[in-house]
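Colleague: Got a minute to go through the helix packing and the voids with me? I want to hear the reasoning behind each label.

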Amino acid sequence: MSILKAQLKEYSLFSALAAIVGMHFFEHTLVETTVGNLVGFALLFVVIIYAAMSVAHHAEMLAEKFGEPYGTLILTMSAVIVEIVIIVIMMMHAHSPNLARDTIYSAMMLDINGLLGVAAIIGGLKHGEQPYNVDSSNSYLSMLLVAIGVAMVLPNFIELQYHHRFMLFNVVIFVVLYIIFTRVQLTSHRYFFEYNAEDSDEVCEDTKACHEAHIANINAWYHAINLVISIVLIGVLAEILSVFMGNTLEHFGLPLAIGAVGVAVISAAPELITAVRAAIDNRMQTVINIALGASLATVLLTIPAVILVSSYLGMELNLSLTPTQTMLIGLTLLVSIVNFNDGETNVLEGFLHFILFVVFVFLLFV
């Protein structure tokens, strides 16, 4: 009975179902006018973000149940799956070879500069310097340098006739890289991605007992099933959203890159919510794991997925970064290497990343 009561409070799921049913009857009417397109786009975007918040909630519950680094791995995997689903759907409707590249690039800018920057600013204002395990940031950044360089920079120096063969080669090595990194993260070097405060042993026994009781009461199956349902509903809504987004961008003459940012915002919404909460609670290790881990998962998992889908469907795909994108992602990684080499974040470091995010947004409209 308690599970049924909890399910009845899953308002985001009911909102998503209501939006799907409503669009089944009114989609064709809305797409016929500019105002209707804007209303449909805005409504669907809000509902998808609401559903993404449900993904964040259920992922957080699973994170508490299984602890770190499993928790952030569940969250980042959920976000990446949402991203892959939406990208593939958008690619099928937009027929743009650059959509996947722009979305992956936008997701990294959002995660590293937007999410991490905002979290470091908020956490820094409240707590000053926030500690984390420097081994985690070093591991993530070295992997990101290799993955981005191989998949999105190196193709600019490879002859066009070999691009398809090289992309299929990337599928194999990226899957291998992700398996190896996940094994390191969860087993042999799990301590790289954990941070234990020096005063952790001073927590009173009553607090520990309450926390253990809370974890024991978390129903992993309930949250896992609702997590999957939320992701499926987001995929269905994204299918409808792609129609309204395409019409809206075309009507106002906006670049498709704006749509790519929209996809990245949807997929990053659960991570942003969780990261801000973690920063407020002085858990910067969780923020690092989410921001850098999500960026790495986006590159290592989304790229192979879009390569396989585009090859199967015969769609053209371009993953090579433009000179401007290369410069900005290179600057982001360089600043990250400098900032995340001491095991502590502060307000200044947060502002540096947030400024890079502002530059990224400005360049979208130039």
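What follows is a chat about helix contacts, cavities and a pocket in this structure.

Modeller: Sure, but keep in mind that this is a predicted model.

Colleague: Why are H6 and H12 called roughly antiparallel?

Modeller: Helix H6 (residues 134-153) and helix H12 (residues 323-339) pack at an angle of about 170°. Angles over 145 degrees count as roughly antiparallel, so H6 and H12 get that label. Their axes are 11 Å apart, and the crossing is left-handed.

Colleague: Which residues of H6 and H12 meet?

Modeller: On the H6 side you have Leu141, Leu144, Leu145, Ile148 and Val153, and they meet Thr326, Ile329, Leu333, Ser336 and Ile337 in H12. By class, that contact has 8 nonpolar, 2 polar and no charged residues.

Colleague: And what makes H5 roughly parallel to H12?

Modeller: Again the angle: H5 and H12 pack at about 30°, with their axes 11 Å apart. The cut-off for roughly parallel is under 35 degrees, and that is why H5 counts as roughly parallel to H12. The crossing of H5 and H12 is left-handed.

Colleague: What residues does H5 bring to H12, and how do they divide by class?

Modeller: Arg101, Asp102, Tyr105, Met108, Met109, Ile112 and Asn113 in H5 meet Gln325, Leu328, Ile329, Thr332 and Ser336 in H12. The residues of this contact divide into 6 nonpolar, 4 polar and 2 charged. Arg101 and Asp102 are in that contact, and Arg and Asp are classed as charged.

Colleague: On to the voids. How many cavities does a search of the whole structure find?

Modeller: There are 2 cavities of 30 Å³ or more. The largest has a volume of about 90 Å³, and the second largest holds about 40 Å³ of space.

Colleague: What makes a void a cavity rather than a pocket?

Modeller: In a cavity a 1.4 Å probe fits but cannot get out, whereas a pocket is an open set of points.

Colleague: What lines the largest cavity?

Modeller: It has 11 lining residues, with Leu73, Thr76, Tyr140, Gln185 and Gly293 lying nearest its centre. Helix H4 (70-94), helix H7 (163-188) and helix H11 (284-313) each give two or more residues. H11 provides the largest share, 4 residues. By class, the lining of the largest cavity divides into 6 nonpolar, 5 polar and no charged.

Colleague: How do you know that the lining of the second largest cavity has charged residues?

Modeller: Look at the names: Glu83, Asp111 and Glu271 are among the lining residues, and Glu and Asp count as charged. The full division for the second largest cavity is 4 nonpolar, 2 polar and 3 charged. H4, helix H5 (99-127) and helix H10 (256-280) each supply at least two residues of that lining.

Colleague: How much space lies in the second largest pocket, and which residues are closest to its centre?

Modeller: About 220 Å³ of space lies there. Of its 13 lining residues, Tyr105, Ala257, Gln325, Leu363 and Leu364 are the closest to its centre. H5, H12 and helix H13 (347-364) each give two or more residues to the lining of the second largest pocket, which divides into 8 nonpolar, 4 polar and 1 charged.

Colleague: What ties that pocket back to the H5 and H12 packing?

Modeller: Tyr105 and Gln325 do: both are among the residues closest to the pocket's centre, and both belong to the contact of H5 with H12.

Key
Residues numbered from 1 in each chain as written. Predicted model: local features only at pLDDT ≥ 70, side-chain atom pairs only at ≥ 80, totals over all residues. Heavy atoms only, no water. Axes fitted to C-alpha atoms, helices over the stretch in contact; angles between N-to-C directions. Parallel < 35°, antiparallel > 145°, perpendicular 65-115°, else oblique. Left-handed = near helix turned anticlockwise from the far one by under 90°. Contact = heavy atoms within 4.5 Å. 1 Å grid on protein atoms, 1.4 Å probe; cavity = no way out; pocket = protein on both sides within 12 Å on 5 of 7 lines; lining within 4 Å. Points joined across faces, edges and corners; volume = space filled by probe spheres on them.
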